[in-house]
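Me: Please take a close look at a single part of this model, the protein surface around the RNA strand, and then add what can be said of the sheet and the aromatic residues.

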Amino acid sequence: MKPSIPRGTRDFGPAEMQKRQFILNIIRKNFELFGYQAIETPAMENISTLTGKYGEEGDQLIFKILNSRIHENKNKDLLKKEFDLSLESSRNSEELTEKALRYDLTVPFARFVVMNQHQLSFPFKRYQIQPVWRADRPQKGRYREFYQCDADVIGSDSLVNELELISLMDKCFSELNVQITLKVNNRKILAGMAEVVGAADRMMDIAVAIDKIDKIGPNGVHKELSDKGFTLEQIQLLFSAFFIQTTDFKDFEPLANIKEKLNYLKEESKYKGSLVFQKGIEELEYIMYNSNVSHLKFELDISLARGLNYYTGTIFEVKANAGTFTPSILGGGRYDDLTGIFGLPNMSGVGISFGVDRIYDVMEELNLFPENISKTASCKLLFSHFDLETQNHSLALAAQLRTNNISCEVYPDITKKLGKQFDYANKKNIPFVCTVGSNEITSGEYSVKNMQSGEQEKMTLSLLLERLKKGQ
RNA sequence: GUAGGUAUAGCUCAGUUGGUUAGAGCACCAGAUUGUGGUUCUGGGGGUCGUGGGUUCGAGCCCCAUUACUUACCCCA
């Protein structure tokens, strides 16, 4: 049988793991630096926990788990009926499936908060670094299993949380050495537009269409909106707001300029009468004017929508500035009532999610990993030997090195061929090889070879320890 | 769901208008060198050309089907 893994999933070898850990360590360190605490939730959730939170498209991409022991279910007629029904529509049948793999970390977090509300003290700040699964068609930068690194604050509607999250990502990407642009928008602006246009319940339709303006252009958006049944008047009204963005807001601009645009939207646009719209603008203003960032570029983009249903306020999206491959590598936003569905209303939360796998891909393309990262040796020294006696002696020496916190290993097989053992050390980038033969055992002086310089020297164990401790 | 591309050694790929026994580099094993790797030289093992059918005197190459992988759209980290 030919071994294989499901498409869209990957194995990570030692070289890749070095790089992944590099990214994860920076993110984790900063999460903790900003006061977030780690939690974990199960890979699978009850299907009802997940559905209805991500929008129609998202719900389709949830990996469902077939009920186990389905053959033991006595009601075969019902099972067959449910199966036939599920062939025709995407509805979930509890008879067939009641669990699913998590689609993101935010919804399981909301569930966690509701279930543990009496143990937690609010505002609660948590971080979570775990894989999620999406039944997508894989392609470049898109996997069916990938890691998200989430930081969320729940139980506080202060915009200071947004400011903190922005400086958190600023710091992370600065340490990762990735040049990025942060796009910010506010769902209230979109909601206000939908309201003024007279289609408050169709905010997501409008948002998704408008979001595409960079890709398909104004005509494309016009067509998509009219296909969805919006009238010419409605479309023109919508365009009056975001057209400003497409012509003038395209690239990073000085703060003064952004200010001018925001003032226009607030005081002169056709939306100035909408309270929600005004609130959205005010929130955006606060964030734009109070953020203290040193690394990232800001971009106000009122066409930014994001597909997830649960966002209600600020929304974030980050892309790398350089390279040909620039998917979004971070997303996030504020959700005012995600816990409400589970019975805990008035819990506003805001969070961001780093896409490690895409950050990896971007850094790989741009060559941003530190130079020697995958050449890092697994350990400091290898003991080579000739027979059972010298191997045993090596094991004893290894134990002493480890007592002194020096990583080392003993060649596991017994062979007269030193070349093979040196080759092993060479391939694993082990910087020193200590050869233990019967001569060495009697004299107490071991041959230690520096694999980089090729120099070899005889020394006692205590001298060896001293040298290795000094990092020589 | 829609539309393309690819499939030849463990890996990356050549393979001419269809024509003897299908090649290279890397990797692997052995020797030159029985106590020394990374350099060099010599030799060696490795392939049902994704699978099934068709055209042909003859198919790795052409046609059809199928599977896997991959890219783009949709959507998203």
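**The surface around RNA strand B**

Reply: A polar side-chain atom of Gln139 lies 3.1 Å from a phosphate oxygen of RNA strand B, a polar contact being a pair of N or O atoms within 3.5 Å; within protein, one must be able to donate a hydrogen and the other to accept it, and residues adjacent in sequence count only if both atoms are side-chain atoms. This is a predicted model, in which local features need pLDDT of at least 70 and side-chain atom pairs count only at pLDDT 80 or more, while totals for chains, interfaces and linings use all residues. Residues are numbered from 1 along each chain as its sequence is written, chains are lettered from A and ligands numbered from 1 in the order in which they are written, and side-chain values use heavy atoms, with hydrogens and water left out.

The bases are also contacted: a polar side-chain atom of Gln456 is 2.4 Å from a base oxygen of RNA strand B, and a polar backbone atom of Met451 is 2.7 Å from a base nitrogen of the strand. Elements that give two or more residues to this surface are β6 (145-154), β10 (328-335), α15 (418-427), α16 (438-443) and β15 (446-450); helices (H or I, at least four residues) and strands (E, at least two) are DSSP runs, numbered from the N terminus. The largest share, six residues, comes from α15.

In total, 41 residues surround RNA strand B, and Arg134, Arg142, Lys212, Gly307 and Gln456 come nearest; a residue is near if one of its heavy atoms lies within 4 Å of the strand. Sugar and phosphate make up 49% of the atoms of RNA strand B that come within 4 Å of the protein. The surface residues divide into 10 nonpolar, 15 polar and 16 charged, where Ala, Val, Leu, Ile, Met, Phe, Trp, Tyr, Cys and Pro count as nonpolar, Asp, Glu, Lys and Arg as charged, and the others, Gly among them, as polar.

Elsewhere, an open sheet of three strands has the order β2-β4-β3 with antiparallel pairing, two strands being paired if DSSP finds at least two bridges between them. β2 (44-46) and β3 (64-66) stand at the edges with a single partner strand each, so one side of each has no neighbour in the sheet. Three bridges join β2 to the antiparallel β4 (residues 97-101), and Met44 has Leu101 as its bridge partner in β4.

Finally, Phe31, Tyr36, Tyr127, Phe173 and Phe354 form one aromatic cluster.

Definitions and conventions. Phe/Tyr/Trp six-rings, centres within 6.5 Å; stacked < 30°, edge-to-face > 60°.
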